[in-house]
Amino acid sequence: MKAFLIALLVLPLAPRLEQPLDRLDWMVGHWRTDALGGTAEEAWLPPFGDAMHGVFRHSTDGALRFSEFMQITVEGSDVLLRFRHFNPNYSTWEGPGEVMEFRLDHTGPQSAVFVAANTITPDRLTYERSGDTLTVEISGVPVFVFRSVR
């Protein structure tokens with residue numbers, strides 16, 4: 001019993017092993033910019049286990065135009081980013097059963113490059129953070145330059 005109690009006291013002091021999604025924790029937060037004639041917002045939750053989730057919405061004059069649900073998962077040795085676009089009525093842009101899918105190609109201290117993993121996906125998706133700015137590029141074209149919202 002004494003050894004069990006000592007183990008309980010020491011266990012929290014054991015070093016935590018780095019998880020594959022820990023290298024993406026700089027994406028966490030609520031980001032906003034003016035884009036596409038309206039307001040674009042993207043929010044990322046912290047990594048939890050083998051998954052990380054985000055949501056995107058675009059609105060003009062207070063009306064939702066479209067949204068996205070995003071998830072980054074660890075599957076074997078791959079880190080995959082998948083998402084779907086949704087119309088205001090929650091119908092999807094992608095066809096039945098189709099999903100945008102990217103594979104993590106490489107990361108930097110505050111950057112991540114994902115490459116297409118299927119045929120309906122653009123060639124490349126890049127996230128890069130500098131201070132309170134998050135830039136998202138699709139196939140080399142800067143689409144969104146977000147500012148952090150606290």
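Over which residues does pLDDT stay under 50? Here are some notes to go with the structure above.

1. **Confidence.** To take that question at once: the stretch is residues 4-11, and the model has 0 contacts there beyond four places in sequence. Please keep in mind that this is a predicted model. Over the protein as a whole the mean pLDDT is 86, and 85% of the residues reach 70 or more.

2. **Overall make-up.** The secondary structure comes to 1 helix and 10 strands. Reading from the N terminus, the helix precedes the strands, in the order α-β-β-β-β-β-β-β-β-β-β. The protein has 150 residues, and 37% of them count as buried. If you look at contacts with a separation of 6 or more, 26% of them come from residues 24 or more positions apart.

3. **Strands β7, β8 and β9.** This part is pleasant to trace on screen. Strand β7 (residues 111-116) pairs with strand β8 (residues 124-130) in the antiparallel sense, over 5 bridges. Within β7, Val 113 stands opposite Thr 126 of β8. Strand β8 is also joined to strand β9 (residues 133-138), again antiparallel, by 6 bridges. One position to pick out here is Leu 125, whose bridge partner in β9 is Ile 138.

4. **The β8-β9 turn.** Strands β8 and β9 form a hairpin with 2 residues between them. Gly 131 sits in that turn and has a positive phi of about 60°.

5. **Two loop residues with positive phi.** Glycine is not involved in the next pair. Asp 61, in the loop between β3 (51-60) and β4, has phi near 50°, a positive value in a residue other than glycine. Asp 61 counts as exposed because its relative accessible area is 84%, the cut-off being over 50%. Tyr 90 lies in the loop between β5 and β6, and its phi is positive as well, at about 75°. With a relative accessible area of 59%, Tyr 90 is therefore exposed too.

6. **His 85.** I would spend some time on this residue, which is found in strand β5 (residues 78-86). His 85 has 9% relative accessibility, so it counts as buried, given that buried means under 20%. Its side chain makes a polar contact of 3.0 Å with the side chain of Glu 68. A polar contact of 2.5 Å joins the side chains of His 85 and Glu 94. Leaving aside residues up to four places away in sequence, His 85 touches Phe 66, Ser 67, Glu 68, Ser 91, Thr 92, Trp 93, Glu 94 and Met 100.

7. **The largest pocket.** What volume does the largest pocket have? The value is about 230 Å³. Its lining is made up of 18 residues, and those nearest the centre are Glu 68, Phe 83, His 85, Ile 138 and Phe 144. Two names here return from earlier points: His 85, with its polar contact to Glu 68, and Ile 138, the partner of Leu 125.

8. **Which strands line the pocket.** At least two lining residues each come from β4 (63-75), β5, β6 (100-108), β8, β9 and β10 (141-149). Strand β4 gives the most, with 3 residues. Both strands of the hairpin in point 4, β8 and β9, are among these contributors.

Terms used:
Residues numbered from 1 in each chain as written. Predicted model: local features only at pLDDT ≥ 70, side-chain atom pairs only at ≥ 80, totals over all residues. Heavy atoms only, no water. Helix = DSSP H or I, 4+ residues; strand = E, 2+ residues; numbered from the N terminus. Buried < 20%, exposed > 50% of the residue type's maximum accessible area, 1.4 Å probe, protein only. Polar contact = N/O pair within 3.5 Å; in protein donor to acceptor, adjacent residues only side chain to side chain. Contact = heavy atoms within 4.5 Å. Pairing = 2+ DSSP bridges. pLDDT = per-residue confidence, 0-100. 1 Å grid on protein atoms, 1.4 Å probe; cavity = no way out; pocket = protein on both sides within 12 Å on 5 of 7 lines; lining within 4 Å. Points joined across faces, edges and corners; volume = space filled by probe spheres on them.
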